[in-house]
Amino acid sequence: MPVMVTCGQRGDRECHIVVLTDDDVVDWDEEYPPQMGEEFSQIIYSTTMYRFFKYIENRDVAKQVLKERGLKKIRLGIEGFPTYKEKIKKRPGSRPEVIYNYVQRPFIRMSWEKEENKSRHVDFQCVKSKSITNLAEAAVDPGPDQVAV
């Protein structure tokens, strides 16, 4: 899918694709976009793909094909996706709340990491801290580098 290529060229390691129908219109308020991270979703407008992914049996087949192609962390399902702003609730003294209209549409989430279940981040829980956390203890017991004159 060309959408996956776009994600890879940006340096992403995974992709979240939402399949909308040809008639769906996405019109988000620039000042108040949806808060759930949908701006990072890739959108495909295809009624044909929507009809295909609407059924769980077809999603299962698609998942198997994606696994065979070497993709990891594959999730397919149906979720709410914000399409347009319905109304704005203005509260005195705080930021306005924007209510969006959500439609239920199929999504595909996948990754192309080479090694599955390996974190790319350092796990600091297994490293014993050598820093002094008790200042009173540090004042009583000077280190070998500190000589009193």
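# Close-up views of a predicted model

Reading from the N terminus, the elements of this protein follow the order α-β-β-α-α-β-β-α. The model shown here is predicted. The legends below start with the whole chain and then visit its parts.

**View 1. The whole protein has four helices and four strands.** Let's begin with the full chain of 149 residues, of which 29% count as buried. Its accessible surface comes to about 11500 Å², and carbon and sulfur atoms hold 51% of that area. How far apart in sequence are the residues that touch? If you take contacts between residues at least 6 apart in sequence, 69% of them join residues at least 24 apart.

**View 2. The largest nonpolar core holds 16 residues.** Which of them touch the most other members? They are Ile17, Leu66, Leu76, Ile108 and Met110. Several elements give two or more residues to this core: helix 1 (2–10), strand 1 (14–20), helix 2 (47–53), helix 3 (56–68), strand 3 (72–89) and strand 4. Take Ile108 as an example and look for its neighbours. Leaving aside residues up to four places away in sequence, Ile108 touches Met1, Cys15, His16, Ile17, Val19, Phe53, Leu66, Arg75 and Leu76.

**View 3. Arg105 sits in strand 4 (residues 97–111).** Is this arginine buried or exposed? Arg105 has a relative accessible area of 13%, and buried means under 20%, so Arg105 counts as buried. Follow its side chain and you will find Asp24, whose side chain is joined to that of Arg105 by a polar contact of 2.7 Å. Now find the ring of Tyr50: Arg105 lies over its face, at 4.9 Å from the ring centre. Beyond residues up to four places away in sequence, the residues that Arg105 touches include Val18, Val19, Leu20, Thr21, Gly77, Ile78 and Glu79.

**View 4. Pro106 is another residue of strand 4.** With a relative accessibility of 2%, Pro106 counts as buried. Where does Val18 lie with respect to this proline? The two are 88 residues apart in sequence, yet their C-alpha atoms are 6.0 Å apart in space. Val18 is also one of the residues that Pro106 touches, not counting those up to four places away in sequence. The others are Ile17, Val19, Tyr50, Phe53, Lys54, Gly77 and Ile78.

**View 5. Two aromatic pairs turn up in a search of the whole structure.** Start with Trp28 and Phe81, whose ring centres are 5.8 Å apart. Their planes meet at 45 degrees, so this pair is tilted. The pair links distant parts of the chain, since Trp28 is in the loop between strand 1 and strand 2 (42–45), Phe81 is in strand 3, and 53 residues separate them. How accessible are the two partners? Trp28 is partly exposed, with a relative accessible area of 21%, whereas Phe81 is buried at 1%.

**View 6. Phe52 and Phe53 form an edge-to-face pair.** The centres of these rings lie 5.1 Å apart. What is the angle between their planes? It is 85 degrees, so the pair counts as edge-to-face. Compare how the two partners are covered: Phe52 is partly exposed, with a relative accessible area of 34%, while Phe53 is buried at 7%. You have met Phe53 before, as it is among the residues touched by Ile108 and among those touched by Pro106.

Technical notes:
Residues are numbered from 1 along each chain as its sequence is written. This is a predicted model: local features need pLDDT of at least 70, side-chain atom pairs count only at pLDDT 80 or more; totals for chains, interfaces and linings use all residues. Side-chain values use heavy atoms; hydrogens and water are left out. Buried means under 20% relative accessible area, exposed over 50%, partly exposed in between (1.4 Å probe, protein chains only). Contact means heavy atoms within 4.5 Å. Accessible areas come from the Shrake-Rupley method with a 1.4 Å probe; for residues, only the protein chains shown count as cover. A polar contact is a pair of N or O atoms within 3.5 Å; within protein, one must be able to donate a hydrogen and the other to accept it, and residues adjacent in sequence count only if both atoms are side-chain atoms. A nonpolar core is a set of buried Ala, Val, Leu, Ile, Met, Phe, Trp, Tyr and Cys residues joined through side-chain atoms within 4.5 Å. Rings of Phe, Tyr and Trp (its six-membered ring) pair if their centres lie within 6.5 Å; planes under 30 degrees apart count as stacked, over 60 as edge-to-face and the rest as tilted. A charge sits over a ring if NZ of Lys or CZ of Arg is within 6 Å of the ring centre and within 35 degrees of the ring normal.
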